[in-house]
Amino acid sequence: MTIRLSQRISQTAPYAFARIDEEVRKLKAQGVSVIDFGVGDPTSPTPDFVVSALQQAAQQRVNSGYPSYVGEMGFRQACADYLKRDFGVTLDPATEITSTIGSKEAVFNFPLGFVDPGDIVICPTPGYPPYKNGTRFAGAIPYFAPLTAANDFLLDFRAIPADVVARTKIIWINYPNSPTGKMAPRQYLEDLVAWAQEHNIIVAADEGCYIDIYFDHKPVSILEIGKKNVVAFYSLSKRNNMTGYRVGFVAGDAEIVAAFRKVKTNIDSGTPTIIQDAAMAALADDEHVALMREEYRRKREILLTILTRAGFPPVASEATFYLWQRAPDGMTGVDLAERLLKLGIVVTPGEWISDEVADGSNPGREYVRFALVAREEEVEEAGRRISCTSFFKGG
Ligand SMILES: Cc1ncc(COP(=O)(O)O)c(C=O)c1O
């Protein structure tokens, strides 16, 4: 029998970060001492108190049972408490919050509740691939809005043509941003929400993955601006070093949350209850998050100093654990990633996580993304390898 793949999957490129994992695996098999700045998967351990909470939950919940589709009330209350404590936002856990199995599934599945064939979803590019892939799987069309140094990496919603806006159902934004590290100023978020309300567009703000990873000043949550037409996605993956736990939540406009709950109850059976229990402990604690921020700050300073000394163009990143580094003149991001790979340093070429925009350019082409997830000693070692190499003409 010849298996014929669906058009949907055959037209989808391999997942960029799975490709990077594969590159790392091959290099390690060849005996290369790899320093991995590729996938944004923290290598620091999950806090002990979270692991203990998970162990206790597994012992106490002797009848496993299916989880709640929308999250246990206690978990949703913990999410509401976190948003109140950290951002001063009041949410009703009964109607304005729902649990997710980490943000990836939530981002990917979200358009299913709101788009019909031919509708448009605005996606930032470079950007997290599930924005566009989830859009396409739901039968809608992604419109790629560039994030460039020229627009200060802020998605320029006012530059989107009127005929596109008229067909748009959802706009994805992601601040603090991967890969550019940009934070959205309050005024920007206010203007965006007003624009979206005027055009009856949902603002899907994938803010919670990196909102706790900042350096000079704290990011604003879009929910501080308002809830109407707004829904925000949160994840414990990076805030609490819990990528493997697969837990997050969505919060905002009750009407949107209700529709999204309907999507999800038809797709999955909820976040495992014992994981929700562990997540409640993680959400209640800010101390370990502050320590994590300091760890990223140190690694960031080490790498930024080295890149600057080596003569690379300045990096604009101000939050997240990503550095969005432009390649030296005359080189693409892929060229630079290949040069770094020869030193055993893995980064993500910008082009792998960005798409062509209306003018035919690809805003990621000249960049690479460093994810500061390697250990501090490894960052120092990467620095030594970079310092001993010239990346510029004649080098
Ligand atoms: C911008 C962005 N959003 C969402 C996610 C999804 O995180 P998770 O599915 O682990 O919650 C990631 C993961 O790297 C991300 O970079």
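By class, the shell around the ligand holds three nonpolar, nine polar and two charged residues, where Ala, Val, Leu, Ile, Met, Phe, Trp, Tyr, Cys and Pro count as nonpolar, Asp, Glu, Lys and Arg as charged, and the others, Gly among them, as polar. This is a predicted model, in which local features need pLDDT of at least 70 and side-chain atom pairs count only at pLDDT 80 or more, while totals for chains, interfaces and linings use all residues. Residues are numbered from 1 along each chain as its sequence is written.

Staying with the ligand, 14 residues surround it, and G102, S103, K104, S235 and S237 come nearest; a residue is near if its C-beta atom, placed from the backbone, lies within 6 Å of the molecule. Helix α5, residues 103–109, gives the largest share of the shell, three residues. Helices here are DSSP runs of H or I with at least four residues, strands are runs of E with at least two, and both are numbered from the N terminus.

Let me turn to helix packing. Two packed helices are described by the angle between their axes and the distance between the axes. Helix α4 (residues 73–87) packs on helix α11 (residues 273–284) at an angle of about 20°, with the axes 9 Å apart; axes are lines fitted to C-alpha atoms, for helices over the stretch in contact, and angles run from 0 to 180 degrees between N-to-C directions. The two helices α4 and α11 are therefore roughly parallel to each other, the term for angles under 35 degrees. On the α4 side G74, F75, A78, C79 and Y82 meet Q276, A279, M280, L283 and A284 of α11, contact being C-beta atoms, placed from the backbone, within 7 Å. The residues of this contact of α4 with α11 comprise eight nonpolar, two polar and no charged.

α11 also packs with helix α3 (residues 48–60), at an angle of about 145° and with the axes 8 Å apart. Here F49, V50, A53, L54, A57 and A58 in α3 meet I274, D277, A278, A281 and A282 in α11, and the residues of that contact divide into 10 nonpolar, no polar and one charged.

Finally, the sheet. Three strands form an open sheet in the order β9-β12-β11, with antiparallel pairing, and two strands pair if DSSP finds at least two bridges between them. At the edges stand β9 (322–326) and β11 (348–349), each pairing on one side only. β11 joins strand β12 (residues 367–371) in the antiparallel sense over two bridges, and T348 stands opposite R369 in β12.

Key
Parallel < 35°, antiparallel > 145°, perpendicular 65-115°, else oblique. Contact = placed C-beta atoms within 7 Å.
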